Amino acid sequence: GLRSSESPINSSELHTFPIVSFKWHHVKDPYVITLWILVASLAKIVFHLSHKVTRVVPESALLIVLGLFLGGIVWAADHIASFALTPTVFFFYLLPPIVLDAGYFMPNRLFFGNLGSILLYAVVGTVWNAATTGLSLFGVYQTGIMGKLDIGLLDFLLFGSLIAAVDPVAVLAVFEEVHVNEVLFIIVFGESLLNDAVTVVLYNVFESFVKMGAENVTGIECVKGIVSFFVVSLGGTLVGVFFAFLLSLVSRFTKHVRIIEPGFVFIISYLSYLTAEMLSLSAILAITFCGICCQKYVKANISEQSSTTVRYTMKMMASGAETIIFMFLGISAVNPDIWTWNTAFILLTLVFISVYRVIGVVLQTWILNHYRMVQLEIIDQVVMSYGGLRGAVAFALVVLLEEKNVREKNLFVSTTIIVVFFTVIFQGLTIKPLVQWLKVKKSEHREPKLNEKLHGRAFDHILSAIEDISGQIGHNYLRDKWSNFDRKFLSKILMRRSAQKSRDQILNVFHELNLKDAISYVAEGERRGSLAFIRSPSTDNMVNVDFNTPRPSTVESSVSYLLREKAGPVCLDMQALEQRRKSIRDTEDTLAHHTLQQYLYKPRQEHKHLYSRHEIMNNEDEKQDKEIFHRTMRKRLESFKSTKLGINHSKKLNKIHKRDRGQKRRNSAIPNGKIPSENSVQDFTLKEKDLEFSESEENNDYETLHLGKGVDFLANVTKQNFSDTPNG
């Protein structure tokens with residue numbers, strides 16, 4: 001039956017055996033947690049049903065409003081605020097996934113390139129905001145506008161240090177949807193991550209000062225505070241780096257337990273956070289740097305599937321945590337016990353944090369622009385001042401305060417809630433129109449072209465050489481030294497042998513080009529409704545790639561090859577059929593042919609799927625797709641010369657085909673992918689004149705337009721290497 005938790009079931013009480021008993025208290029906690037997560041996730045689905053709303057209002061603002069609404073319902077139901085965002089839950093379970101995600105997907109080059117600016121804003125900027133806000137509020141309080149408050153200078157400074165820090169959760173939530181350029185984003189976002197150390201130290205220092213009482217604070221205590229800042233920040237960073245090293249080492253040896261690989265990433269990163277917390281260092285810095293430092297080695301070591309799993313799990317956890325945080329910020333606000341309204345205090349706090357943020361940004365940028373290559377313009381400064389969003393970290397810290405030390409805790413809590421709501425909802429709503437109105441440079445989401453990559457690499461080398469020669473130690477010089485150190489020592493220790501080999505740049509480019517090609521072929525196949533054009537013998541549809549690789553003659557015995565060689569009276573040539581297309585029967589033939597070609601690759605084998613908890617079984621279809629992919633790639637690698645001839649060279653084509661066949665027989669021992677023998681190179685040079693073709697033909701050819709430019713680039717390079725003739 002239904003019993004309250006006060007009366008446990010005694011054996012004497014229970015006379016019959018209950019078939020079903022209702023044990024709410026037995027599952028209450030996990031049940032409630034799961035329900036809240038479900039509600040938050042469902043809310044996300046609902047928000048995204050209409051694009052109009054999410055385009056204008058950031059998700060975080062919607063979640064806060066939803067939280068207020070749900071909090072109202074809960075309050076109406078039982079008149080106590082039974083749910084609130086507690087600091088323990090926030091700092092131990094909700095914050096780590098968000099920060100780890102930020103660190104693991106951090107664009108390293110951008111981050112370290114702008115590290116100086118980020119640190120200036122994070123350290124000096126945060127101290128400036130905290131001090132000025134606290135002192136100004138104290139000054140205004142002295143004039144008596146705020147009325148009677150039981151509060152001293154140290155309390156004001158403590159409050160200033162709470163509210164000064166820009167919050168990573170809020171910045172991510174709002175800036176993700178604005179897409180400002182990378183430099184601007186990394187500066188605001190990097191500042192929000194790295195100012196954590198400053199916040200922690202200032203908070204701890206002023207909290208202990210408040211506990212000690214103003215009269216006991218001496219100069220020595222202040223010096224200790226400054227020293228503790230360096231210990232906390234550097235210590236946190238070192239803890240993070242140490243755990244990143246450990247994680248990379250572990251991931252090197254997980255070859256035979258692929259299925260639990262992703263677990264290590266999360267467990268060891270979380271350990272770094274907890275260890276830093278245990279040593280009272282900066283936990284956010286620890287887990288950020290753990291993510292930043294391990295990402296390269298972990299990605300190289302773990303398998304592709306594990307890498308995808310890590311990526312998605314991380315994003316899912318971060319996104320879920322963010323959703324819950326904002327919803328619970330809304331819910332926590334619905335609690336009359338914590339509200340103490342003081343108009344002057346709240347309004348002045350809002351004014352001061354905004355004004356001092358602007359002044360701080362302008363002053364620091366003025367200093368920085370003397371040293372920065374890429375200047376931060378006025379527009380960037382406006383966005384940076386506006387991006388000073390306060391969020392859940394401030395709220396969690398203010399809830400942590402003890403009422404016996406800080407008597408006006410409730411005033412602080414209610415002010416913090418107002419500040420958080422104001423920055424997230426109001427600034428979140430207005431930042432997008434502001435960015436559009438100011439025409440801030442947006443980020444471009446595209447892969448750099450091969451040409452850009454080459455030039456970028458060349459410039460890196462040139463710049464580091466110049467710095468080396470002129471004896472200046474700058475970014476490029478340091479980056480060069482670091483990459484050498486990484487290549488000689490770190491990668492050798494932390495990366496698998498196979499991973500070290502496969503990181504060869506040329507092979508990577510080759511692999512990328514091949515993949516790009518394959519994708520464009522499939523796309524074209526979809527456009528034409530069949531992949532027949534890849535295997536067809538007619539030259540106008542010939543494939544545009546081949547690196548002139550002789551291949552073992554085993555493949556020649558494939559059916560399509562035989563059909564092509566010995567064309568019988570039955571018309572099996574798709575091209576002819578497609579061009580003819582007279583009778584209904586022909587059309588049916590074509591359709592049947594296409595269907596067979598697309599779907600019936602080989603008879604499906606009936607096979608039982610063996611279940612294994614330790615590895616994922618390969619799907620038959622995947623094997624088949626791979627095989628088809630390899631086969632088409634081989635076909636294409638065969639037909640390079642014939643491509644470059646236009647449509648009118650059928651005689652030459654036949655000659656070349658014959659010579660090719662002879663050559664293939666000679667070279668049939670050479671496996672696929674090896675360097676062709678000398679005679680094929682000479683052959684290439686002889687045919688150079690045939691390879692010139694008019695531009696009109698080039699334009700007719702779909703492939704030259706559609707395929708990535710990379711292949712043409714490679715073809716041209718080979719031409720120049722192999723032949724002395726200037727044209728081509």
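**Overall architecture and an internal cavity**

In the predicted model, 79% of the contacts between residues at least 6 apart in sequence join residues at least 24 apart. The secondary structure of the protein consists of 33 helices, with zero strands. Of the 728 residues in the protein, 44% are buried. The protein exposes about 40,600 Å², and carbon and sulfur atoms account for 64% of this area.

The interior was also examined for enclosed space. Five cavities of 30 Å³ or more are present in the structure. The second largest cavity contains about 80 Å³ of space. Its lining comprises 13 residues, of which Ala-165, Val-166, Asn-195, Thr-199 and Val-393 are the closest to the centre of the cavity.

With respect to secondary structure, at least two residues of the lining of the second largest cavity are supplied by helix H9, which spans 182-212, and at least two by helix H16, which spans 392-400. The largest share of this lining comes from H9, with four residues. In chemical character, the lining of the second largest cavity divides into eight nonpolar residues, three polar residues and two charged residues. The residues closest to the centre include the nonpolar Ala-165, Val-166 and Val-393, together with the polar Asn-195 and Thr-199.

How values were computed: Residues numbered from 1 in each chain as written. Predicted model: local features only at pLDDT ≥ 70, side-chain atom pairs only at ≥ 80, totals over all residues. Heavy atoms only, no water. Buried < 20%, exposed > 50% of the residue type's maximum accessible area, 1.4 Å probe, protein only. Contact = heavy atoms within 4.5 Å. Areas by Shrake-Rupley, 256 points an atom, 1.4 Å probe, with all protein chains shown as cover. 1 Å grid on protein atoms, 1.4 Å probe; cavity = no way out; pocket = protein on both sides within 12 Å on 5 of 7 lines; lining within 4 Å. Points joined across faces, edges and corners; volume = space filled by probe spheres on them.
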